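Here are some friendly notes to read with the model open beside you. Shall we walk through the sheets and then the helices that lie on them?

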Amino acid sequence: KATVSVLNCCPRAPVSIPTMAQHPPRVGRVSRETKETSILVELDLDGTGVNDIDTGIGFLDHMFQALSKHSRMNLTLKCKGDLHIDDHHTAEDCALALGQAFKQAVGEPKGIARYGHAYCPLDEALSRAVVDISGRPHASIDLGLKREMLGQLSCEMIPHVFESFATEARVTLHVDCLKGFNDHHRAESAFKATAVAIRLALTRDDTAGVPSTKGTLSA
């Protein structure tokens, strides 16, 4: 009579099911103190566009709010500046601090699309923005603004805000207002286009590695 032996196998180890790559948070925080301004910036690149902004210059707040909302970056920006002199130090330093927080949040530029471009209208105005998270700061800004002021912000400072941000963020930024006759619309469409271009450039791409043939965007 045949005898059948039954082997009791060890319990199988749990099967590890592959999941999407886990990404660290992309956040930056900058506190900047000088004799001209006192600034706090907190930035989350992967937010929903929530913002809390008070620079002391209403129109600048409005532009940074548009940048946050349409890029989906959560942004807290608080500034106490020497507005009894003029708007220059406040506008410039806010943009510099925001650029520093952006660079900190991006970290080593890898696993991202790197490039982004967008066209955004505001009624009759239409702007184009092109962003390259390149590690090489450069800005070419042509908004064609004609008024001296928008609210309490000098129109000459609006291109300088873009330039200052690009310098500290270490990005290449081209922004052109292509048409429009209302300077408020021209400026706002430029910030909205920049926001959307940034959102596209920050898109995660786990196949990209370091998106450069030289193997780094940090040198």
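**Notes on two sheets and their helices**

1. Strand 2 (residues 37–44) and strand 4 (residues 74–81) run antiparallel and are joined by 8 bridges. Within this pair, Val41 sits opposite Leu77 of strand 4. Helices (H or I, at least four residues) and strands (E, at least two) are DSSP runs, numbered from the N terminus. Two strands are said to pair if DSSP finds at least two bridges between them.

2. A word on the source: this is a predicted model, in which local features need pLDDT of at least 70 and side-chain atom pairs count only at pLDDT 80 or more, while totals for chains, interfaces and linings use all residues. Residues are numbered from 1 along each chain as its sequence is written, and side-chain values use heavy atoms, with hydrogens and water left out.

3. Strands 2 and 4 belong to an open sheet of 4 strands, ordered 1-2-4-3, with mixed pairing. Its edges are strand 1 (27–33) and strand 3 (51–54), each pairing on one side only. Neighbouring strands here are turned by 5° against each other on average, direction ignored. Axes are lines fitted to C-alpha atoms, for helices over the stretch in contact, and angles run from 0 to 180 degrees between N-to-C directions.

4. Helix 1 (residues 58–71) packs on this sheet, where it touches strand 3 and strand 4, and its direction makes about 160° with that of strand 3. Contact here means heavy atoms within 4.5 Å. Helix 2 (residues 88–106) lies across strand 1, strand 2 and strand 4, at about 145° to strand 1.

5. Now to the order 5-6-10-7: these 4 strands also form an open sheet with mixed pairing. Strand 5 (115–122) and strand 7 (138–142) are the edge strands, each pairing on one side only. Strand 5 is joined to strand 6 (residues 125–132) by 8 bridges, and the two run antiparallel. Pro121 stands opposite Leu126 in strand 6.

6. Which strands does helix 3 (residues 157–169) lie across? They are strand 7 and strand 10 (172–179), and the helix runs at about 165° to strand 7. Helix 4 (residues 183–201) lies across strand 5, strand 6 and strand 10, at about 150° to strand 5.

7. The axes of helix 3 and helix 4 come within 11 Å and cross at roughly 15°. The two helices are therefore roughly parallel to each other (angles under 35 degrees count as roughly parallel, over 145 as roughly antiparallel, 65 to 115 as roughly perpendicular and the rest as oblique). From helix 3, Ile158, Val161, Phe162 and Phe165 meet Ala187, Ala190, Phe191, Thr194 and Ile198 of helix 4.
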